[in-house]
Amino acid sequence: MKKLYFLVSLLILSIAIFISCSDEDKETNYEPVSPVVVDLTQVPYPKLSDYKFFEGEMKNQIPSLDVLPYEPISQLFTDYAHKKRFVWMPKGTKATYNGDGNVLELPVGAAIIKNFYYENTLPSNATRIIETRIMIRKQNGWIFAEYVWNDEQTEAFLNMDGGFTSVSWTEESGIKTVSNYRIPSEAQCLTCHKFDEKAIPIGIKPQSLNKDFAFSSGMKNQLAKWIEVGYLENNLPSTIETTVNYKDETQPLELRVRSYLDMNCAHCHRDNSHCDYRPMRFAFNETTNRTNLGVCVDTQDMADFPSALSRIVTPGNPNRSMMFYRLDTDNESYMMPLIGRSVIHEEGKELIRQWIESLSPCN
């Protein structure tokens with residue numbers, strides 16, 4: 001009887017060890033699952049937290065699993081706001097390369113997330129996130145979802161009606177203020193984000209992403225990282241015509257100008273977009289031709305402007321150049337871009353001034 005008891009006990013122990021080992025193997029082979037939820041039948045959600053794009057306190061902007069940060073080489077100017085950008089795609093889907101200067105073709109279910117924030121804001125010198133803009137690829141195209149953050153920085157709520165806010169912050173040069181920071185409405189989003197009257201992303205072009213970025217796992221080329229994590233097909237050309245950081249003074253002046261205009265102006269100044277009735281074509285691959293930059297091009301149908309502004313760009317003379325005039329004003333009737341800023345981008349304006357002064361006279 002004792003022998004039988006011993007054998008039964010031994011069998012039970014063996015089974016327990018086997019089950020334990022099996023569980024350990026399962027844990028070893030366990031693949032974590034992203035918590036992100038993008039239900040195309042329910043989006044846009046009423047709250048930003050509903051997507052679960054971020055882990056921990058949402059204001060810290062720590063991306064959840066499979067939410068990938070990215071950054072364009074040149075930054076879009078939006079009243080000096082900082083930006084953090086992320087992309088997420090459903091498991092097993094990839095983006096497609098369509099050319100250096102074309103936005104990557106993202107799959108159905110993909111989401112692009114962009115947070116606008118200021119640092120050292122008054123009165124408490126804290127970081128303040130103002131808005132989070134999301135674009136989601138549904139079966140019939142892209143949709144916008146605009147979220148406005150509360151004062152406590154604990155949540156952001158869907159608001160497609162637009163509005164204004166005021167923000168002040170400190171820099172080494174002193175206190176800066178934007179009195180009328182514009183939170184765009186859905187219609188205003190479409191003004192810039194459209195092609196053939198359909199909504200599209202802007203910044204996710206290979207020419208703008210082809211640079212190293214400090215990911216949590218270390219420095220890596222962004223396009224290579226997208227391929228590594230399974231977000232992009234591995235069919236890129238061996239060389240990509242790439243923009244430069246317009247702030248980088250080691251780069252040629254005109255290359256910096258072309259990169260600045262590509263990021264800040266080209267989405268409207270191209271065929272089948274909002275400002276296609278104007279002669280300028282500011283896409284990076286089109287501005288090797290100075291005529292597309294407006295150099296020595298006469299202004300047309302612009303009677304409300306000073307008569308001295310006879311050309312879009314008058315070489316050597318910023319004050320006789322329509323481009324410079326419209327960058328150097330915050331009057332909404334005359335300024336460019338039409339939306340996206342309420343104050344003058346001083347650094348961008350000075351970049352354009354230097355370039356115009358460097359040009360040779362028209363024939």
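Contact here means heavy atoms within 4.5 Å. Welcome to a predicted model, in which local features need pLDDT of at least 70, side-chain atom pairs count only at pLDDT 80 or more, and totals for chains, interfaces and linings use all residues. Residues are numbered from 1 along each chain as its sequence is written, and side-chain values use heavy atoms, with hydrogens and water left out.

**View 1. Lys 194 is a buried lysine without a salt bridge.** Lys 194 belongs to strand β9 (residues 194–195); strands (E, at least two residues) and helices (H or I, at least four) are DSSP runs numbered from the N terminus. Buried means under 20% relative accessible area, exposed over 50%, and partly exposed in between (1.4 Å probe, protein chains only). A salt bridge needs a side-chain nitrogen of Lys or Arg within 4 Å of a carboxyl oxygen of Asp or Glu. For Lys 194, the nearest side chain of opposite charge is Glu 197, 4.0 Å away; Lys and Arg count as positive and Asp and Glu as negative, while His and the chain ends are not counted. Leaving aside residues up to four places away in sequence, Lys 194 touches Ala 199, Ile 200, His 267, Arg 270, Asn 272, Ser 273 and His 274.

**View 2. Trp 226 sits among the best-connected members of the largest nonpolar core.** Such a core is a set of buried Ala, Val, Leu, Ile, Met, Phe, Trp, Tyr and Cys residues joined through side-chain atoms within 4.5 Å. This one has 48 residues, and Leu 48, Tyr 51, Phe 53, Leu 106, Ile 134, Ile 204 and Trp 226 touch the most other members. Elements giving two or more residues to this core include β4 (126–138), β5 (141–149) and α4 (222–228), and β5 provides the largest share, six residues. Beyond four places in sequence, Trp 226 touches Leu 68, Tyr 70, Val 87, Met 89, Leu 104, Ile 204, Leu 209, Tyr 231 and Leu 232. Apart from this core lies another, of 22 residues, among them Phe 282, Val 297, Val 313 and Leu 351.

**View 3. Tyr 51 and Phe 53 form a stacked ring pair.** Rings of Phe, Tyr and Trp (its six-membered ring) pair if their centres lie within 6.5 Å; planes under 30 degrees apart are stacked, over 60 edge-to-face, and the rest tilted. The structure has 13 aromatic pairs. In this one the ring centres are 5.0 Å apart and the planes at 10°, so the pair is stacked. Both residues are buried, and ring pairs connect them with Tyr 45 and Tyr 147 in a cluster.

**View 4. Glu 146 and Arg 133 join strands β5 and β4.** Their salt bridge spans 3.9 Å, N to O, and the partners are 13 residues apart in the chain. Glu 146 is buried at 1% relative accessible area, whereas Arg 133 is partly exposed at 21%.

**View 5. Lys 225 has a salt-bridge partner and also lies over a ring.** Lys 225 meets Glu 228 at 3.1 Å, N to O; the two are about one helical turn apart because they are three residues apart in helix α4. Lys 225 also lies over the face of Phe 215, 5.3 Å from the ring centre. A charge counts as over a ring if NZ of Lys or CZ of Arg is within 6 Å of the ring centre and within 35 degrees of the ring normal.
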